[in-house]
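Subject: Structure handover

Hello,

Here is the structure we talked about. Please open it alongside this message; my notes follow below.

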Amino acid sequence: MKKTIFTAALFAISLNVMAQSGTNSPYSQFGYGKLSEQSQGFNRGMNGVGLAFREHNQVNYLNPASYSAIDSITFIFDIGMSLQMTNFKENGKSKNANNADFEYAVGSFRLVKNIGMSFGFIPYSNVGYNFSSSTNVPNYSVTPGAGNTTTNTLNYSGSGGLHQFFIGAGWKTPLKGLSIGANINYLWGDVANYVTSTYSDTYVKSLAKQYTTTVRSYKLDLGLQYSHQLANKDIATIGLTLSPGHSLSATPECLLLASNSQSAVNDTTRLTADGGCGIPTQFGLGVSYRHATQWLIGLDYTLQKWSSTKFPVYGELGDRTDYTTQTNVFTDRHRINVGGEYCRNENSRDFSDRLRYRFGMGYTSSYLKVNGSDGPKEFSVSAGVGIPIMNSYNNRSILNVSFQWQNLAGKGLLTENTFLINIGMTFNERWFAKWKFD
């Protein structure tokens with residue numbers, strides 16, 4: 001009972017922090033915001049590799065086929081967060097920002113023989129930014145002619161993001177080495193972006209645009225893994241994943257507000273994008289090689305077909321304004337990661353022998369288009385350690401700590417350098433053991 005209450009409390013905490021934004025990036029003003037890492041404590045140190053990993057003591061929701069590898073007598077609960085320190089650079093100017101982000105809360109257990117089950121909460125995207133710019137523009141509102149100027153200040157801000165609750169299962173099929181699985185996700189959230197244009201001359205109207213999207217939909221993830229014994233202690237695994245894209249049950253809105261403090265006249269125009277918006281089809285391919293329980297390496301490639309995804313766009317044509325759904329608003333997103341782990345002996349009674357050392361690196365192209373060109377590309381490296389929890393009550397739980405550096409940059413674009421500290425705790429409890437009495 002105490003364990004059940006503790007697990008429920010952790011889920012309650014996870015739901016509370018879900019509403020908090022995990023980014024300060026100006027790039028989160030585009031699309032659905034900054035896409036979340038979608039990895040967890042044990043593979044964050046490996047830069048998110050995991051499509052072909054089959055862990056008996058970790059929840060790997062990157063590929064639901066992996067759930068069939070979960071130990072039969074344990075219940076696993078994993079929760080994590082990250083601390084972020086980001087430096088922004090543009091046109092010779094620099095600014096720092098700190099942030100914290102909830103990463104995930106997931107659980108898994110063996111349902112019946114050859115079938116593992118998992119569930120949990122994970123973020124899909126984050127929106128959070130606030131910045132402004134000012135310029136002098138001609139002002140003909142008072143006296144026509146040259147020399148009359150007013151200061152125009154544009155303020156950009158946004159908040160929100162999308163979240164996922166998933167439940168999934170993985171099945172070890174009768175075909176030796178083959179497992180399949182699926183996650184069914186409930187996808188929800190609110191994304192809000194604001195642009196306000198104000199003038200120093202009170203005779204000029206202030207203008208504001210509010211873009212809001214509320215999502216209540218689903219997402220399906222399919223997975224397959226095939227493992228082959230190469231030698232007595234060597235196993236190679238290939239992992240495949242597919243997430244079909246589809247339209248979301250959402251009606252994006254654009255609210256245009258115009259006000260003049262002198263005349264006290266306010267105009268409001270509400271536009272809706274009838275075609276809604278969507279999420280992309282995603283393909284994943286991963287390979288891994290394991291030697292006994294000592295070392296593991298893996299390589300992942302993921303493709304998200306954002307270019308064919310619908311999304312609303314605001315446009316001005318003379319005196320007419322449009323808010324219509326279009327494709328080719330984004331560009332396809334490619335992600336490739338490589339990483340590995342080393343553990344001297346996970347069953348040793350020696351603390352140092354059970355430490356897990358991890359490393360990784362990766363490259364990700366942006367799904368965004370900024371001013372008609374491809375968005376910033378990301379390069380990242382990571383390192384981490386899995387620290388065993390060893391006491392008289394439990395010697396199977398693991399504290400996962402990793403450090404990650406991300407460089408986000410593009411030609412003529414804002415540069416972001418982010419240092420992340422990722423902390424995850426895997427609680428591995430022996431819930432289903434059968435006791436014997438002599």
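Start with two aromatic residues: Tyr61 is buried, and Phe166 is buried as well. This is a predicted model, so please read everything here with that in mind. The rings of Tyr61 and Phe166 form a tilted aromatic pair, with 5.7 Å between centres and 50° between planes. Tyr61 sits in the loop between α2 (41-44) and β2 (75-90). Phe166 is in strand β5 (residues 149-172). The two are 105 residues apart, and the pair links distant parts of the chain.

A second tilted pair is made by Trp306 and Tyr367. Here the centres are 4.4 Å apart and the planes meet at 35°. Trp306 lies in the loop between β14 (295-304) and β15 (311-317), and Tyr367 in the loop between β18 (356-364) and β19 (369-370), so this pair ties together parts that are 61 residues apart in sequence. Trp306 has a relative accessible area of 0%, so it counts as buried. Tyr367 is buried too, at 4%. Both belong to one aromatic cluster, together with Tyr32, Phe311 and Phe330. Across the whole structure, the search finds 18 aromatic pairs.

Overall picture

The protein has two helices and 23 strands. Of its 438 residues, 48% are buried. The accessible surface is about 21,400 Å², and carbon and sulfur atoms account for 58% of that. Take the contacts between residues at least 6 apart in sequence: 67% of them join residues at least 24 apart.

Cores

The largest nonpolar core has 27 residues. Which residues have the most contacts inside it? They are Tyr32 and Leu248. Strands β4 (115-138), β5, β6 and β12 (277-279) each supply at least two residues of this core. β4 gives the largest share, three residues.

Tyr32 is worth a click. Beyond its close sequence neighbours (up to four places away), Tyr32 touches Leu248, and also Trp306, Phe311 and Tyr367 of the aromatic cluster. Its other contacts include Ser125, Asn126, Val127, Leu162, Val191, Cys277 and Gly278. Apart from the largest core lies another, of nine residues. Among them are Tyr61, Ile70, Ile76 and Tyr104.

Strands β6 to β8

β6 (residues 178-199) and β7 (residues 206-229) pair in the antiparallel sense over 20 bridges. Within that pairing, Gly189 stands opposite Val215 in β7. β7 also pairs with β8 (residues 234-243), again antiparallel, over eight bridges. A hairpin of four residues joins β7 to β8. Gln229 stands opposite Ile235 in β8.

Thr241 is in strand β8. Is Thr241 buried or exposed? Its relative accessibility is 12%, so Thr241 counts as buried. Leaving aside neighbours within four places in sequence, Thr241 is in contact with residues including Leu51, Leu62, Asn63, Leu222 and Gly223. Gln282, Phe283 and Gly284 are also among its contacts.

Salt bridges

The count comes to 10 salt bridges. Three of the pairs follow.

Glu37 bridges to Arg335, with the closest N and O atoms 2.8 Å apart. Glu37 is in the loop between β1 (34-35) and α2, and Arg335 is in strand β17 (residues 333-343). They are 298 residues apart, so-called distant parts of the chain. Glu37 is buried at 17% relative accessibility. Arg335 is buried at 13%.

Glu253 and Arg270 meet at 3.0 Å, N to O. Glu253 is in β10 (residues 253-260) and Arg270 in β11 (residues 265-272), 17 residues apart. How exposed are the two partners? Glu253 is partly exposed at 26%, while Arg270 is exposed at 55%.

Glu341 and Arg356 form a salt bridge at 3.1 Å, N to O. Glu341 is in β17 and Arg356 in β18, 15 residues apart. Glu341 is buried, at 6%. Arg356 is buried, at 7%. Salt bridges with shared partners join these two with Glu346 and Arg358 into one network.

Best regards

Terms used. Residues numbered from 1 in each chain as written. Predicted model: local features only at pLDDT ≥ 70, side-chain atom pairs only at ≥ 80, totals over all residues. Heavy atoms only, no water. Pairing = 2+ DSSP bridges. Buried < 20%, exposed > 50% of the residue type's maximum accessible area, 1.4 Å probe, protein only. Contact = heavy atoms within 4.5 Å. Areas by Shrake-Rupley, 256 points an atom, 1.4 Å probe, with all protein chains shown as cover. Phe/Tyr/Trp six-rings, centres within 6.5 Å; stacked < 30°, edge-to-face > 60°. Core = buried A, V, L, I, M, F, W, Y, C linked by side-chain atoms within 4.5 Å. Salt bridge = Lys/Arg side-chain N within 4 Å of Asp/Glu carboxyl O.
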